[in-house]
Amino acid sequence: MQSDPQTAPKPPTPAPPASPWRARDFRTLFAATTLSQLGTNVGYVAVPLVAVAALDAGPGQVGALATLSTLAFLLIGLPAGAWVDRMRHRRVLIGADLARSLLFASVPLAWWLDALTLGQLYTVVLLTGCATVFFDVGSQSVLPQLVGRDALVGANAAVVSLQAAGNVAGRGLGGALVQLLTAPVAVLCTAVAHLASALRLIALRGGTGPRPPAARTGLIAQIAEGLRHVLGNPELRALALTASLTNLGSQIVNTMLPVLFVRELHLSASVLGLYWAAGGIGLLLGARCARPLAARLGLGRTLALAGPFLAPAALLVPLIGRGPWLWLAGAGWALAMFKTGMDNVLGVSLRQGMTPDALLGRMNATFRCMLTGALAIGAALSGLLGELAGVRTTLWAGAAFLAVAFLPVLLSPVRGRRALPGEEIRTRAVSHR
């Protein structure tokens, strides 16, 4: 006997995703990350301009500076993940910010004393890179504990949007500060921002405990377990390869931009900051669009289709020049960063959703080692190509990597995934009721 269609109960619909903003600790982490991102992006503009304007650095030296700023992820990235899994994340985050504040403060001090050298700049960017390793791994590892896995996409969308807004505000502000106050004073602002972030993190309370002592194993075994988890899974491996190629290409381009703007095009630091800010706007829009597009098209399809439609826009970047060519190249950069913004939200959420809590530090460290290692290689390659083949050729090389970076994800099982693992289980359960 069939039930009356007018009285038959309707199948339950999935509950709306949880909001990360309900978690007090997430709000604390977000506020601290806001300050940290502001400082990082001001420093991104100010430090290479200190080298170019105050120390007369050439393309190879600027490339070496950028390489050292990311080399730490290759040197200590993998063991840092195992260490973070053993440590209290709150202490890791506060210690990393305090270290960055002190190191950046040493640059304007040496400049005022007329003692600043390239050697000191190299040391500062290398050691701040080490602190950034721990901050990045720690913040990504603690996030699922603070908001719960149901709220991961929303939390990552907020964090990536913040990073994009930092690119816009921080790099635009960095260019303006260099223009108005000189590059060393802008570096001092970076030190103050990291100090403020450390002070805000003192209020962080929940979800920061280490692994139980009984669950600990040897350091080498822990590192190997994290590598197997990432490289042995076809979806995680594809995400890592696509993100690494994206970082490689973007770093090749970004390393040469200060040289191109200041030396060849004779444009001001504020224009360089605004150009980088255009990429930040693209990153922000991509982060904000990631969640609704994934809900409509599916998470994997969104990741796979964004590449062929958006990545080739990076080939407009090497056309950069004065007048309309600056606007055209800026539009190409913004579109390429729009794709990166979507990748960051959905890719980070997927890898967090596929990883148990006990492996989060090592998973994040493996990704950060590969991704930031690609930045180090890109910076070194950019400096070498800039010296041997010229700035324009270097820009074309970076744009080519960006244009094809989507291929590993497009050719992997990621393209068939509808949602995060837990969400797919809940959706199937509802559909079979």
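So, Phe-26 and Phe-30: both of them are buried. This is a predicted model, by the way, so everything I say is about predicted coordinates. Both phenylalanines sit in helix α1, which covers residues 24-54. They are four residues apart there, about one turn of the helix. That spacing fits the usual picture: an α-helix has 3.6 residues a turn, so residues three or four places apart point the same way.

How many aromatic pairs does the model have? The count is two. One is Phe-26 with Phe-30, a tilted pair with 6.0 Å centre to centre and 40 degrees between the planes. The other is Trp-111 with Trp-112, also tilted, at 6.5 Å and 45 degrees. And are those tryptophans buried or exposed? Trp-111 counts as partly exposed because its relative accessibility is 31%, while Trp-112, at 52%, counts as exposed.

Staying around there for a second, have a look at Asp-114. It lies in the loop between α3, residues 89-112, and α4. Asp-114 has a phi near 60 degrees, a positive value in a residue that isn't glycine. For context, most residues other than glycine have a negative phi. With a relative accessible area of 73%, Asp-114 is exposed.

Rings also come up with charges. Arg-100 lies over the face of Phe-135, 4.6 Å from the ring centre. Then there's Arg-351, whose charged end sits over the ring of Phe-367, at 4.3 Å from the centre.

Next door in sequence to Phe-135 we get Asp-136, in helix α4, residues 118-147. Is Asp-136 buried or exposed? Its relative accessible area is 17%, and the cut-off for buried is under 20%, so Asp-136 counts as buried. Setting aside neighbours within four places in sequence, Asp-136 contacts Phe-73 and Arg-368.

Okay, zooming out. The protein has 15 helices and zero strands. Of its 433 residues, 55% count as buried. If you take contacts between residues at least 6 apart in sequence, 88% of them join residues at least 24 apart.

Now the cores. The largest nonpolar core has 50 residues. Which residues have the most contacts inside that core? Those are Leu-121, Leu-257, Tyr-275, Trp-333 and Leu-395. The largest share of the core, eight residues, comes from α1, the helix with our two phenylalanines. Apart from that core lies another one, of 27 residues, including Leu-236, Phe-338, Leu-360 and Val-409. As a general point, nonpolar side chains tend to be buried together in soluble globular proteins.

Let me pick out Tyr-275 from that first list. You'll find Tyr-275 in helix α9, residues 269-297, and it counts as buried because its relative accessibility is 4%. What does Tyr-275 touch, once we ignore residues up to four places away in sequence? The partners are Leu-257, Phe-261, Val-317, Ile-320, Leu-326, Ala-329, Gly-330 and Trp-333. Leu-257 and Trp-333 were in the list of residues with the most contacts inside the core, too. Tyr-275 and Trp-327 are 52 residues apart in sequence, yet their C-alpha atoms are 8.9 Å apart in space.

Val-259 is another one to click on. Val-259 sits in helix α8, residues 234-264, and is buried, with a relative accessible area of 4%. Beyond four places in sequence, Val-259 touches Pro-59, Val-62, Glu-264 and Val-391. Its C-alpha is 9.4 Å from that of Gly-386, and those two are 127 residues apart along the chain.

One quick check on a helix: α6, residues 183-201. At 1.5 Å a residue, its 19 residues should span 27 Å, and the end C-alpha atoms are 28 Å apart, so the two agree. The buried residues in α6 include Ala-183, Val-187, Ala-191, His-194 and Leu-201.

Last thing, confidence. The average pLDDT is 80, and 88% of the residues score at least 70. Where is it below 50? Residues 1-16 are one such stretch, and beyond near neighbours in sequence that stretch has four contacts in the model. Residues 425-433 also stay under 50, with four contacts beyond four places in sequence. Where pLDDT is low, the predicted coordinates should not be read in detail.

Methods:
Residues are numbered from 1 along each chain as its sequence is written. Side-chain values use heavy atoms; hydrogens and water are left out. Rings of Phe, Tyr and Trp (its six-membered ring) pair if their centres lie within 6.5 Å; planes under 30 degrees apart count as stacked, over 60 as edge-to-face and the rest as tilted. Buried means under 20% relative accessible area, exposed over 50%, partly exposed in between (1.4 Å probe, protein chains only). A charge sits over a ring if NZ of Lys or CZ of Arg is within 6 Å of the ring centre and within 35 degrees of the ring normal. A nonpolar core is a set of buried Ala, Val, Leu, Ile, Met, Phe, Trp, Tyr and Cys residues joined through side-chain atoms within 4.5 Å. The expected span of a helix is 1.5 Å times one less than its number of residues. pLDDT is the predictor's confidence in each residue, from 0 to 100. Contact means heavy atoms within 4.5 Å.
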